[in-house]
Amino acid sequence: MSALPRISLKAEVTEHLRSVFLNKEVLAAVGLQEAELRFQKLLTCLSHPPLYTCVRASTHLAPLEDIRLRLEEELKKQKWISSPEQPSVHIAPHPRITDVLLLPVDGPRPVEQLSSEVVVGAQCGSAVLRGAHVFAPGIIASPKYMKAGDMVSVFSDLEGRCTRGATSFQGNKVFVGNGVAEMDRSAIFATETPARGVGVQMVDPLYQSPSFDGVLPSLVFLQNLPSVVVGHVLAPRPGEWILDMCAAPGGKTCHIAALMGDKGEVVALDRIQNKIDRIRQNAQMLSLQSIKAYCFNSTQAVSDEPKQGAKGPPFPPESFDRVLLDAPCSGLGQRPNMASTWSLKEICSYPPLQRKLFQAAVRLLKKGGVLVYSTCTVTLAENEEQVAWALNTFPCLTLQPQEPHIGAEGMLGAGLSPEQLCLLQRFSPEVNWDQIETTPPLAFRADRDTIGFFIAKFLKT
């Protein structure tokens, strides 16, 4: 399965992660050899994409089967399904999550590199590995005389060292597939107006999956499976007042509103205005009226003396029936991620912020209310250690079972009891990294081949 080099991290970050995954509790449970093997698998699987695409369907607008059939028709237009070159791809509903459709990804594929090379940024390269075409702003370098219609190989610049406008690059780069240039080089690097639109149409990618650009935008929403699980674990009910504290880009916000049947109110907060604008656009596109988005710092979202007559933040204590704290985090569970230039100091800067947000969340939650905490990272300090801290700091909080629970239990190392760990949900792709075959049912593979993710559910008594 390993077609790409393992994730490139600073040495201090690698050693920190090793100490996490080889902590005393883990070593006592599985031994040094198994713990080291899992850690090495983690570094490898993080650079590779999951072998399926997860789509959240807007079942508040249409039945799942209708959306599945319409999606199948759209993908036929891409010649993705039932083309002479591509066998029919089965779009499968998830057996336990009623608004999820799954599509298998074909990869890694035997693709021959060409002599003509286009270099793209690391974020663009990761998007290509998950089915995207190359948009012009992502292109950093191209051949000197590249014209529209030329066949090119696309490489991802892992360390961000390629100079924009270069004609070649010999640095640390990874091949992600071949495509057809849609623009001349001169149009891509024009100084007057930045180029927009598709710069390279991927025709022979290393990992082949359909492009969802412009496909049924009101009915299907690309979302990692654990992120969909979060909404179901929160279990919102019609008529409730719900807070999404760190809401951008709004996927979970819109999911919460859809699960409520758009009846009630979902308050979405984020500190950056253009992200709030994006949430509002998504809500409008999905025909969701119950979302109210505000540009506001969630650490200051609770006040004993809120503004008179104002509906927005800050809010009085115990205002919300349910709170989602999908916290800002180091993001070390995201896949594919072939390189991170972050320092250990940057990675360790998140737990203090997460605790400030947690304190505000507990104050804003009604007695008898539900708080769900989640991250897309793999560290103990941002996950299980935060749970241990919360249980010690807030006697009013108790851990609750999660439904659905399709991930693994919590990780050893934070001093939590076996019963507490069983109530947590940690998506650990490294555990089954070398065991994901094409023979088991797609849903079985999809549940295990995810991004790294963590969910904890609390009840305030």
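This passage describes a strand and its partners, a pocket and two loop residues in a predicted model.

Strand β3 spans residues 100-104. Of its 5 residues, 4 are buried, and the strand is thus described as mostly covered. Two strands pair with β3. Strand β1, formed by residues 52-57, runs antiparallel to β3, and the pairing comprises 5 bridges. Within the β3 pairings, Y52 is placed opposite P104. Strand β2, which covers residues 92-93, is also antiparallel to β3, with 2 bridges between them. Here P93 faces L101 of β3. The connection from β2 to β3 is a hairpin of 6 residues.

The second largest pocket encloses about 490 Å³ of space. Its lining consists of 23 residues, of which R38, A408, E409, S428 and V431 are the closest to the pocket centre. Several secondary-structure elements supply at least two lining residues each: helices α2 (24-30), α3 (32-45) and α14 (442-448), together with strand β17 (425-427). The greatest contribution comes from α2, which gives 3 residues to the lining of this pocket. Sorted by class, the lining of the second largest pocket holds 12 nonpolar residues, 5 polar residues and 6 charged residues.

Residue C376 carries an annotation from a database record. In an unreviewed UniProt entry, C376 is listed under "active site". The residue is located in the loop that runs between β15 (365-375) and α12 (384-393). C376 counts as buried because its relative accessibility is 16%, and the limit for buried residues is under 20%. When neighbours within four places in sequence are set aside, the contacts of C376 include C329, G331, L332, G333 and Q334. The contacts of C376 also include I451, G452 and F453.

A second loop residue, K311, lies between β13 (291-295) and β14 (320-326). K311 is classed as exposed because its relative accessible area is 61%, and the class of exposed residues begins over 50%. Apart from its neighbours within four places in sequence, K311 is in contact with E265 and Y294. K311 is separated from K292 by 19 residues in sequence, and the C-alpha atoms of K311 and K292 are 9.8 Å apart in space.

In terms of accessibility, the two loop residues fall into separate classes: C376 is buried, whereas K311 is exposed.

How values were computed
Residues are numbered from 1 along each chain as its sequence is written. This is a predicted model: local features need pLDDT of at least 70, side-chain atom pairs count only at pLDDT 80 or more; totals for chains, interfaces and linings use all residues. Side-chain values use heavy atoms; hydrogens and water are left out. Buried means under 20% relative accessible area, exposed over 50%, partly exposed in between (1.4 Å probe, protein chains only). Two strands pair if DSSP finds at least two bridges between them. On a 1 Å grid over the protein atoms alone, a cavity is a set of points where a 1.4 Å probe fits but cannot get out, and a pocket is an open set with protein on both sides within 12 Å along at least five of seven lines; lining residues have an atom within 4 Å of a point. Grid points are joined across faces, edges and corners, and a volume is the space filled by probe spheres set on the points. Ala, Val, Leu, Ile, Met, Phe, Trp, Tyr, Cys and Pro count as nonpolar, Asp, Glu, Lys and Arg as charged, and the others, Gly among them, as polar. UniProt positions are given in the numbering used here, feature names are shortened, and annotations may be inferred rather than shown by experiment. Contact means heavy atoms within 4.5 Å.
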